[in-house]
Protein chains: 2
Amino acid sequence: MGKALIIGCGGVAGVAIQKCCQNSGVFEEICIASRTKSKCDALKAKLDGTTKTKITTAQVDADKVEELTALIEKERPDVVLNLALPYQDLTIMDACLATRTHYVDTANYEPEDTAKFEYKWQWAYKKKFEEAGITALLGSGFDPGVTGVFSAYAQKYYFDEINYIDILDCNAGDHGYPFATNFNPEINIREVSAKGSYWEEGRWVETEPMEIKKVYDFPEIGEKDMYLLHHEELESLALNIKGIKRIRFFMTFGQSYLTHLRCLENVGMTSIEPIEFEGKQIVPLQFLKAVLPDPSSLGPRTVGKTNIGCIFRGKREGKERNLYIYNVCDHQECYKEVGSQAVAYTTGVPAMIGAMLVMNGTWQKPGVYNVEEFDPTPFMDALNRFGLPWKISEAPKLVD
Amino acid sequence: MGKALIIGCGGVAGVAIQKCCQNSGVFEEICIASRTKSKCDALKAKLDGTTKTKITTAQVDADKVEELTALIEKERPDVVLNLALPYQDLTIMDACLATRTHYVDTANYEPEDTAKFEYKWQWAYKKKFEEAGITALLGSGFDPGVTGVFSAYAQKYYFDEINYIDILDCNAGDHGYPFATNFNPEINIREVSAKGSYWEEGRWVETEPMEIKKVYDFPEIGEKDMYLLHHEELESLALNIKGIKRIRFFMTFGQSYLTHLRCLENVGMTSIEPIEFEGKQIVPLQFLKAVLPDPSSLGPRTVGKTNIGCIFRGKREGKERNLYIYNVCDHQECYKEVGSQAVAYTTGVPAMIGAMLVMNGTWQKPGVYNVEEFDPTPFMDALNRFGLPWKISEAPKLVD
């Protein structure tokens with residue numbers, strides 16, 4: 001069918017690339033490019049011979065539009081799948097514009113210095129992408145991504161009107177350590193220490209960090225504590241789901257995880273201000289990272305499941321209706337299949353699916369779009385085929 | 001009256017030295033000696049002109065018997081007050097034997113590698129001190145020290161028979177930090193993570209670390225959580241108080257302090273095994289110390305009080321009698337007087353008193369003795385005179 005250029009070679013990219021290779025009819029060729037070409041070469045070496053997909057690799061600095069443009073011109077892919085850092089979304093979009101190449105990503109742009117999750121920077125590219133006649137698909141991971149597809153699917157088949165959405169992200173994985181982070185502890189700390197917010201009756205309501213805590217009984221997992229956070233898909237769903245009155249996002253955190261994080265913050269171990277130690281400047285957070293287990297070492301030892309989905313409340317033919325659409329993913333099953341646990345798996349699979357739908361024309365539309373603005377049905381079918389089967393539960397327990 | 005050689009120049013020594021200078025009639029001359037002579041010189045500079053006591057300083061490595069012996073021979077003190085590290089008790093005792101000089105300390109010897117608090121090493125010197133005709137007074141701080149004096153005083157004036165002693169050590173000081181340690185965090189951690197033990201009916205009963213928790217309503221402070229720990233004076237009091245059936249030691253720790261310590265342990269920040277960091281070997285506990293507030297910076301900001309004492313249960317003329325003998329010390333008052341908070345103050349004052357009583361002959365007896373083996377009355381009088389007044393409360397609330 002065609003060729004994808006995949007930028008980035010971290011945990012999520014590793015999953016997406018393996019999923020492309022399971023789908024060689026569509027991904028006949030992929031080029032993997034990152035700052036560190038040796039990582040791309042190692043992944044290619046692991047996959048060559050196991051797939052019909054032809055794999056090439058390249059070195060690129062995704063901060064530099066000219067380098068990216070030159071690489072796209074050389075490789076001539078049908079789509080660019082951006083799995084680099086969120087700071088690099090705009091440079092990659094610029095290179096796609098310069099070469100008239102479709103664009104897909106999983107996380108919205110944020111300036112490196114302000115750490116503000118907003119779509120405004122990327123939405124500002126809408127006109128340019130329309131004029132260039134190319135598609136930009138934003139946020140094709142799980143959350144954002146699948147949560148938007150679930151919303152569009154609920155809207156299409158189950159509701160005349162959706163009034164309330166609660167997005168729930170539960171990770172019940174246990175790595176056996178009293179404390180460890182699945183990814184960069186800095187990002188974790190930012191999530192937990194940032195103010196929360198939700199959208200209600202046309203406006204944003206801000207909360208104190210971790211102010212709103214709920215307990216929810218997750219199917220196939222059980223009761224977990226979850227906390228209201230701001231999350232980027234709230235912004236696009238509030239615009240794209242007609243009739244919506246309130247939309248919130250909750251993520252589970254264990255009490256022990258939060259206690260450890262708070263204690264480490266209190267003593268100054270999460271500070272990014274260097275201190276003098278034995279004649280050297282050392283950033284406490286960097287030292288803490290060195291003491292904590294390497295996130296990549298958690299895969300083989302993490303057991304348990306994730307449950308991520310959306311509770312919809314609305315009306316169908318004049319009656320109240322409530323639905324929970326969700327996916328349950330098992331850490332160990334993921335690790336067996338692709339060598340990563342469920343956190344990377346649930347993001348990498350939808351990234352491949354988004355790139356596939358744009359590449360094969362199913363989701364092409366000149367401009368800049370979020371996933372819920374396309375027909376959800378082919379994406380939902382692909383989730384079932386590629387390892388993230390979903391379930392629908394009528395009349396679920398609601399979040400009060 | 002005479003001359004004392006004081007070895008060590010840390011927080012406790014600073015208090016003891018200032019107290020000697022308030023007592024110039026007894027301490028006509030003192031020599032302050034430590035590994036770092038500049039610290040001794042700084043203290044001398046601060047005190048010269050404010051006291052009639054003549055102060056000299058010297059450099060000494062307290063690990064080396066020959067250096068100590070040469071220093072004692074040169075200075076010819078009437079008593080050596082050892083306020084160096086507990087690892088150095090035996091070398092200093094050896095030097096006292098070689099020079100036939102009286103010896104006083106505040107904390108029992110422990111081998112640097114095993115961290116086992118026991119009197120057996122120092123008690124083994126009894127015969128040698130007897131033969132040399134000199135006195136070794138062990139453990140003349142607060143606990144051990146004043147707690148033993150309280151016990152001897154209760155025995156002398158208030159009881160025919162003491163059956164139960166509970167020693168309570170409450171520090172209700174607040175330095176305003178979520179977490180900081182009054183002294184080396186390594187010692188704190190060892191206390192909290194070590195098994196507890198108490199003495200009952202002629203044998204030791206061991207407990208899990210922090211297994212026994214009680215709440216006690218301390219006079220002038222209020223209710224605090226306290227935990228049963230092993231403590232060195234249990235060993236000598238069990239031998240020296242006739243008729244004793246049980247003796248226990250409790251120390252207060254706040255829940256927040258314990259939670260922080262546990263979290264830091266869990267993530268590996270209290271480990272003494274070096275890790276590789278940016279090409280250098282770094283001990284996590286050393287780095288943690290560098291991140292935490294400097295203990296010496298806590299003095300000016302610590303408010304609140306300590307309450308340390310002994311609850312005695314026994315018989316007097318055939319009737320049950322219960323007493324609490326205790327001292328309450330105010331952190332800010334101590335800081336105003338000597339520039340140290342109450343933890344150093346309550347140890348430094350009894351060290352001066354012990355040295356005084358040995359030097360002026362009141363507590364001289366050839367051999368090696370713990371404080372409760374001498375007449376407590378002059379010590380109790382001196383506590384009132386030198387800043388640690390004590391109170392006796394009849395029929396106190398008991399620890400169940």
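**Local geometry in chains A and B**

Visitor: Which side chains of strand E10 (residues 213-218) of chain B are buried?
Guide: Side chains alternate along this strand, and B:Lys213, B:Val215 and B:Asp217 point to one face and are not buried. Buried means under 20% relative accessible area, exposed over 50%, and partly exposed in between (1.4 Å probe, protein chains only). The other face has the buried side chains B:Lys214, B:Tyr216 and B:Phe218.

Visitor: What pLDDT do local features need in this model?
Guide: Residues are numbered from 1 along each chain as its sequence is written, chains are lettered from A and ligands numbered from 1 in the order in which they are written, and side-chain values use heavy atoms, with hydrogens and water left out. The model is predicted: totals for chains, interfaces and linings use all residues, side-chain atom pairs count only at pLDDT 80 or more, and local features need pLDDT of at least 70.

Visitor: Which residue of the hairpin of E10(B) and E11(B) takes a positive phi?
Guide: Strands (E, at least two residues) and helices (H or I, at least four) are DSSP runs numbered from the N terminus, and two strands pair if DSSP finds at least two bridges between them. E10(B) and E11(B) (residues 222-228) run antiparallel and are joined by six bridges, with B:Lys213 opposite B:Tyr227. Three residues lie between the strands, and the residue with a positive phi, near 65 degrees, is B:Glu220.

Visitor: What is the relative accessible area of B:Glu317?
Guide: Most residues other than glycine have a negative phi. B:Glu317, in the loop between strands E15 (305-316) and E16 (319-330) of chain B, has a positive phi near 50 degrees. B:Glu317 is exposed, its relative accessible area being 66%.

Visitor: What is omega for the peptide bond from A:Asp143 to A:Pro144?
Guide: Most peptide bonds are trans. A:Pro144 lies in the loop between strand E6 (135-138) and helix H7 (146-157) of chain A. The bond from A:Asp143 to A:Pro144 is cis, with omega near 10 degrees.

Visitor: Which residues of H11(B) make the contact with H11(A)?
Guide: These helices, each of residues 284-291, pack at about 155 degrees with axes 12 Å apart; axes are lines fitted to C-alpha atoms over the stretch in contact, and angles run from 0 to 180 degrees between N-to-C directions. H11(A) is therefore roughly antiparallel to H11(B), a term for angles over 145 degrees. The contact (heavy atoms within 4.5 Å) involves A:Pro284, A:Phe287 and A:Val291 of H11(A), and from H11(B), B:Pro284, B:Phe287 and B:Val291.

Methods
Angles under 35 degrees count as roughly parallel, over 145 as roughly antiparallel, 65 to 115 as roughly perpendicular and the rest as oblique.
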